[in-house]
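Work through the following exercises with the sequence and the model side by side. Each task is followed by a solution that goes step by step.

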Amino acid sequence: MQQQQVVLNFEYLRPAQYLVDAIVHDPQYIKRKERSKSQRKIWENVPYDAYEKEKMGDFMKIVTKNKIQLPADWSESDTLKMVYCGKFKDKNYLKVLQAHLAWRAVPNNFSPTDINIAFLQKGIVYTFGRDKQQRPIIIMNLELVNLKQFSEEVYINALSYYFCIIKKNCFVPGKIENWVFIMDTKKLGLSKFPFKAIQIATKTMQVNFCGCLDKLYLLNPSSSLSFSWKMVSAVADADTMEKIQMLKPNEYQKIQERIPVNQLEEQYGGKVANLTKFWPPINIEIPGGYTEEILKAVESMKTAEIVIQKEAPASEEDELKLQEQMAKMQIKKEDDDDD
């Protein structure tokens with residue numbers, strides 16, 4: 001797909017400086033736990049501990065041994081994120097790094113191609129507001145997810161392009177380095193739930209946007225998904241489950257513990273009208289949500305036409321089979337490193 005030659009300036013998404021200056025992080029938010037069990041949410045302008053530095057050294061030895069040329073803009077925080085992605089294990093570093101560098105080498109992951117823009121106009125993923133610590137909120141509408149409409153490659157390209165925009169323009173090093181994710185399931189049953197697409201998105205985020213997720217709200221679950229989730233959460237890693245919260249519509253007020261009502265759409269218990277235009281990303285703090293500059297630039301771009309293929313409805317038998325598979329699912333924890 002040929003890349004567009006339009007320059008898009010998303011600086012209007014940046015939070016006001018006085019709001020950034022008011023952010024003070026508890027040390028346990030920046031980093032908690034020790035050694036191979038460490039969890040970190042702030043990566044820039046903060047000190048790294050002795051164990052992290054040791055593992056970063058081990059990582060760089062593998063880079064040197066395999067004669068890998070790191071990108072010119074590679075930073076210490078990039079190294080540390082690869083260490084965390086590799087779970088502090090030498091045997092994982094090369095695989096994680098190669099996957100990340102391969103992702104960096106794909107131009108469409110960073111370009112406003114026709115197909116990327118067409119994807120983002122659909123409202124499959126969009127941003128709306130910020131939480132009480134100025135973390136941007138990303139919404140994903142699972143009802144619109146369809147791998148027959150957009151290929152796996154497009155999902156990776158478009159999500160990567162969009163997440164890079166948010167990371168570059170909504171994050172502030174040392175202050176705002178995470179986002180809140182709202183995933184609206186629209187009561188999709190297990191047979192309609194887009195597991196494969198979610199797996200693609202998760203894999204892309206885990207390696208290439210390591211450490212960015214602060215909280216995930218899984219909203220509006222069907223009864224079958226709720227039942228399966230209870231079984232999964234019972235055996236899942238506690239640190240992972242701490243980031244995820246499943247809520248039914250009558251529980252949406254719990255979102256307000258983190259996100260003010262003036263930063264939430266009405267459909268999620270907020271006081272702002274539901275968004276109907278999803279591209280370009282909106283900043284609800286400025287009049288109209290956009291700058292004139294970005295609107296003119298977007299208007300000059302072309303949009304690819306997409307043919308939507310309808311999926312055949314799943315049978316009750318298929319639904320039962322999927323529930324049985326979920327019931328048998330077991331999550332195995334990796335062995336810890338030897339301290």
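Helices (H or I, at least four residues) and strands (E, at least two) are DSSP runs, numbered from the N terminus. Residues are numbered from 1 along each chain as its sequence is written, and side-chain values use heavy atoms, with hydrogens and water left out. This is a predicted model, in which local features need pLDDT of at least 70 and side-chain atom pairs count only at pLDDT 80 or more, while totals for chains, interfaces and linings use all residues.

**Exercise 1. Describe the chain as a whole.**

Begin with the secondary structure, which consists of 12 helices and 7 strands. Next, take burial (buried is under 20% relative accessible area, exposed over 50%, partly exposed in between, with a 1.4 Å probe and protein chains only): of the 339 residues, 50% count as buried. Finally, consider contacts (heavy atoms within 4.5 Å): among those with a separation of 6 or more, 76% join residues 24 or more positions apart.

**Exercise 2. Locate the nonpolar cores and state which helix gives the most to the largest one.**

A nonpolar core is a set of buried Ala, Val, Leu, Ile, Met, Phe, Trp, Tyr and Cys residues joined through side-chain atoms within 4.5 Å. The largest has 70 residues, and those with the most contacts inside it include Phe 10, Phe 119, Phe 163 and Trp 279. Helix 7 (residues 152-170) gives the most to this core, with 10 residues. A second, separate core of 24 residues includes Leu 70, Tyr 84, Leu 101 and Cys 210.

**Exercise 3. Determine whether Tyr 161 is buried or exposed, and list some of what it touches.**

Tyr 161 lies in helix 7, and because its relative accessibility is 5%, this residue counts as buried. Leaving aside neighbours within four places in sequence, the contacts of Tyr 161 include Leu 8, Phe 10, Phe 110, Pro 112, Ile 117 and Trp 279. Thr 113 is 48 residues from Tyr 161 in sequence, and their C-alpha atoms are 9.5 Å apart.

**Exercise 4. Compare how helix 3 packs on helix 5 and on helix 4.**

Two packed helices are described by the angle between their axes and the distance between the axes. Here the axes are lines fitted to C-alpha atoms, for helices over the stretch in contact, and angles run from 0 to 180 degrees between N-to-C directions. Helix 3 (residues 50-65) and helix 5 (residues 90-104) pack at about 60 degrees, with axes 10 Å apart. Helix 3 is therefore oblique to helix 5, given that angles under 35 degrees count as roughly parallel, over 145 as roughly antiparallel, 65 to 115 as roughly perpendicular and the rest as oblique. Residues making this contact include Phe 59 and Ile 62 of helix 3 and Tyr 93 and Leu 97 of helix 5.

Turning to helix 4 (residues 76-85), the angle with helix 3 is about 90 degrees and the axes are 9 Å apart, so helix 3 is roughly perpendicular to helix 4. Among the residues in this contact are Met 56 and Phe 59 of helix 3, with Leu 80 and Val 83 of helix 4.

**Exercise 5. Explain why helix 4 is largely enclosed, and then examine helix 6.**

Helix 4 is largely enclosed by the rest of the structure because 9 of its 10 residues are buried. Its cover includes strand 1 (31-32), strand 2 (39-40), helix 3, helix 5, helix 7 and helix 8 (195-208). Just after helix 4, Lys 87 takes a positive phi of about 55 degrees.

Helix 6 (residues 114-121) is mostly covered, with 7 of its 8 residues buried, and what covers them includes strand 3 (125-130) and helix 7. Helix 6 is followed by Gly 123, whose positive phi is near 85 degrees.
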